[in-house]
Amino acid sequence: MKVSNLCFSYDNRTVFENYSVEIGEGITCLMGASGLGKTTLLKLLAGLLSPEKGIVDIDGRKVSFMFQEDRLLPWLSARDNVLLVTDRERETDELLCELGIDGNLRIGELSGGMARRVALARCLMFEADLLLMDEPFKGMDSDLIIKVAEIIKRQNKTAIISTHSLEEAKALDAEVITL
């Protein structure tokens, strides 16, 4: 995947000016301070934003996007939130169990970290070639980060993940791109 001579700004604030990067297969972490463009780059890669100038080429891959916000439907159970993107019920139940989530609970009954794991499960269960994940480990402790990183790695998909944490990048065995 390649980003070439990317230019993008919000109102009068430039985020990218002739930015270029090549992203290989496997897991890549985007790192940098808040406001440097990690989320914006993910949204450009997903086609949710359009560059003012330049090229964003993801080789025609189908994308699954995990937003910074969980974007779950509170009136549905954890299980039903994941089943919105797949019909693989048994695999959904297994993944939720592995993530320590009771799939029958409604989203409002879950802690923030548990809801984050439901959003992660939904992202992983969507059949896509490319996982774009914006701070997927938010609200998780070190032990849970290691467990979830193993689940992400097991997918054997190309993933681009924004994070502020070198610990998370190491747990993922990820290549790091610093913005």
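Q: Contact means heavy atoms within 4.5 Å. This is a predicted model, where local features need pLDDT of at least 70 and side-chain atom pairs count only at pLDDT 80 or more, while totals for chains, interfaces and linings use all residues. Residues are numbered from 1 along each chain as its sequence is written, and side-chain values use heavy atoms, with hydrogens and water left out. Leaving aside neighbours within four places in sequence, which residues is A33 in contact with?
A: A33 sits in the loop between β3 and α1. Helices are DSSP runs of H or I with at least four residues, strands runs of E with at least two, numbered from the N terminus. Leaving aside neighbours within four places, A33 is in contact with K38 and H164.

Q: Is A33 buried or exposed, or partly exposed?
A: Buried means under 20% relative accessible area and exposed over 50%, with partly exposed in between (1.4 Å probe, protein chains only). A33 has 47% relative accessibility, so the class is partly exposed.

Q: How far from K38 is the nearest side chain of opposite charge?
A: K38 belongs to helix α1, residues 38-46. Lys and Arg count as positive, Asp and Glu as negative; His and the chain ends are not counted. A salt bridge needs a side-chain nitrogen of Lys or Arg within 4 Å of a carboxyl oxygen of Asp or Glu. K38 is buried and has none, and E135, the nearest side chain of opposite charge, is away by 5.5 Å.

Q: Which residue's backbone oxygen lies 2.8 Å from a polar atom of the K38 side chain?
A: Leaving aside neighbours within four places, the contacts of K38 include G32, S162 and H164. The backbone oxygen at 2.8 Å from a polar atom of the K38 side chain is that of G32.

Q: Which element gives the largest share of the largest nonpolar core?
A: A nonpolar core is a set of buried Ala, Val, Leu, Ile, Met, Phe, Trp, Tyr and Cys residues joined through side-chain atoms within 4.5 Å. The largest one has 37 residues, with V118, M133, I152 and L172 touching the most other members. Elements giving two or more residues include β3, α4 and α5. The largest share, 8 residues, comes from α4.

Q: How many disulfides are there?
A: A disulfide is a pair of cysteine sulfur atoms within 2.5 Å. C29 is in none, its nearest cysteine sulfur being that of C123, 14 Å away. C97 is in none either, with the sulfur of C123 nearest at 20 Å. The count of disulfides is 0.

How values were computed
Polar contact = N/O pair within 3.5 Å; in protein donor to acceptor, adjacent residues only side chain to side chain.
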